[in-house]
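Trainee: Before we go through the charged and nonpolar side chains, could you show me the chain and then set each label against its cut-off?

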Amino acid sequence: MTEELIPLRVSNKKAYVWDVDDVAKLRSRHGICGMLTGTLPHLSQQNVFLGVPLLLMPEEVVFLVEKGLACLVDDKNAHHDPEPSHLAKWDSSRLKAIKHQLALAEEEREAKEHQYTTMTEEAIRKRKEREQKRASAASSPNDQSRSSSEPAENPLAYDNPGALFDKQRGQDSSGASRAGITGANYTVHINAPSSQLEWYQQSLHSFTTLPSAREAGIWDYPTSPEERARCAVFRDLREKGYYLGIGIKFGGDYLVYPGDPLRYHSHFVASVIASPRTPLQPMEIVAHGRLGTGTKKSHLLCEWDEKNDIVTYYSIEWAGFG
């Protein structure tokens with residue numbers, strides 16, 4: 001059975017993944033991590049844990065399409081103007097979903113109210129039993145002295161101390177709690193993905209190859225020798241089992257991880273050299289070695305030979321002398 005292609009929705013020459021199941025599949029099965037860029041609901045000011053969409057690096061997109069794991073979707077043109085009948089059907093289903101959620105919330109509220117009422121009645125029954133025991137003990141001549149010294153109303157003797165104070169105020173504790181439950185607010189969830197709409201036609205605007213996407217004008221990476229070298233190095237490292245992330249903060253093109261970045265620290269900072277004839281200054285080598293050592297990583301120089309389709313690696317580490 002052929003695995004369904006993961007849709008990469010392209011907007012302004014950038015590819016996004018909106019489905020959380022696709023995000024999990026990319027990470028667990030194909031080793032593609034990307035970068036979450038969306039803001040989580042109710043946490044508009046946070047910037048630590050982000051949500052969907054997942055923004056992919058261009059090299060990740062090229063790798064997935066060339067491997068036949070994903071397709072590029074022209075998201076803008078896939079949205080067509082809806083017909084009145086489609087809008088009416090969508091609005092009807094939306095209102096039906098809202099009513100269903102409100103009905104479920106009402107059932108949950110009634111269940112909580114019934115549970116609280118049952119607990120309150122049980123506390124009242126136990127209190128009456130204790131009062132009857134005290135009354136019978138007080139009527140006995142042998143226990144008269146002991147019963148006279150016992151306080152009439154002891155808050156610690158109740159299973160629900162609040163019931164005693166409500167009784168003293170002349171209020172019903174179950175009624176007060178019931179009012180609090182009734183005044184609760186409901187949260188209604190509305191489906192947001194537009195891919196489920198009838199006027200969203202993904203199949204007519206999907207591209208399974210890079211040339212077809214380039215011809216449609218939605219994707220043009222890679223175009224230069226440097227970009228082709230980056231894609232080749234990314235593909236080679238990924239096929240060797242490494243996970244790759246953005247390495248700009250460490251002075252390179254990629255961070256190279258031995259496994260999932262959520263479990264491992266990166267071992268290398270990789271810099272791509274477009275061809276064997278690309279000049280490399282001695283000061284660059286020194287800077288890469290010093291920076292890699294300062295960040296507890298080795299710097300990896302990745303030389304791409306397009307003619308022979310080979311990637312050669314050189315690892316740089318700072319070593320002391322004397």
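Mentor: Let us begin with burial: a residue is buried under 20% relative accessible area, exposed over 50%, and partly exposed in between, with a 1.4 Å probe and protein chains only. This is a predicted model, in which local features need pLDDT of at least 70 and side-chain atom pairs count only at pLDDT 80 or more, while totals for chains, interfaces and linings use all residues. Residues are numbered from 1 along each chain as its sequence is written, and side-chain values use heavy atoms, with hydrogens and water left out.

Trainee: What makes Asp 22 a residue with no salt bridge?

Mentor: A salt bridge requires a side-chain nitrogen of Lys or Arg within 4 Å of a carboxyl oxygen of Asp or Glu. For Asp 22, which is buried, the nearest side chain of opposite charge is Lys 25, at 4.4 Å, so the pair does not meet the limit of 4 Å. Lys and Arg count as positive and Asp and Glu as negative, with His and the chain ends not counted.

Trainee: Which residues does Asp 22 touch, not counting those up to four places away in sequence?

Mentor: Asp 22 touches Ile 6, Pro 7 and Val 17, where contact means heavy atoms within 4.5 Å.

Trainee: Why are Arg 27 and Asp 260 called a salt bridge?

Mentor: Their closest N and O atoms are 3.0 Å apart, which is within 4 Å, so the definition is met. Arg 27 lies in helix 1 and Asp 260 in the loop between strand 8 (254-257) and strand 9 (268-273), so this pair ties together parts that are 233 residues apart in sequence. Helices (H or I, at least four residues) and strands (E, at least two) are DSSP runs, numbered from the N terminus.

Trainee: Why is Asp 260 called buried and Arg 27 partly exposed?

Mentor: Asp 260 has a relative accessible area of 18%, under 20%, and is therefore buried. Arg 27, at 22%, falls between 20% and 50%, so it counts as partly exposed.

Trainee: How do you know that Arg 230 and Asp 253 form a salt bridge?

Mentor: The closest N and O atoms are 2.9 Å apart, so the pair satisfies the limit of 4 Å. Arg 230 lies in helix 9 (residues 225-239) and Asp 253 in the loop between strand 7 (243-246) and strand 8, so the pair ties together parts that are 23 residues apart in sequence. Glu 59 is linked with Arg 230 and Asp 253 in a network of salt bridges.
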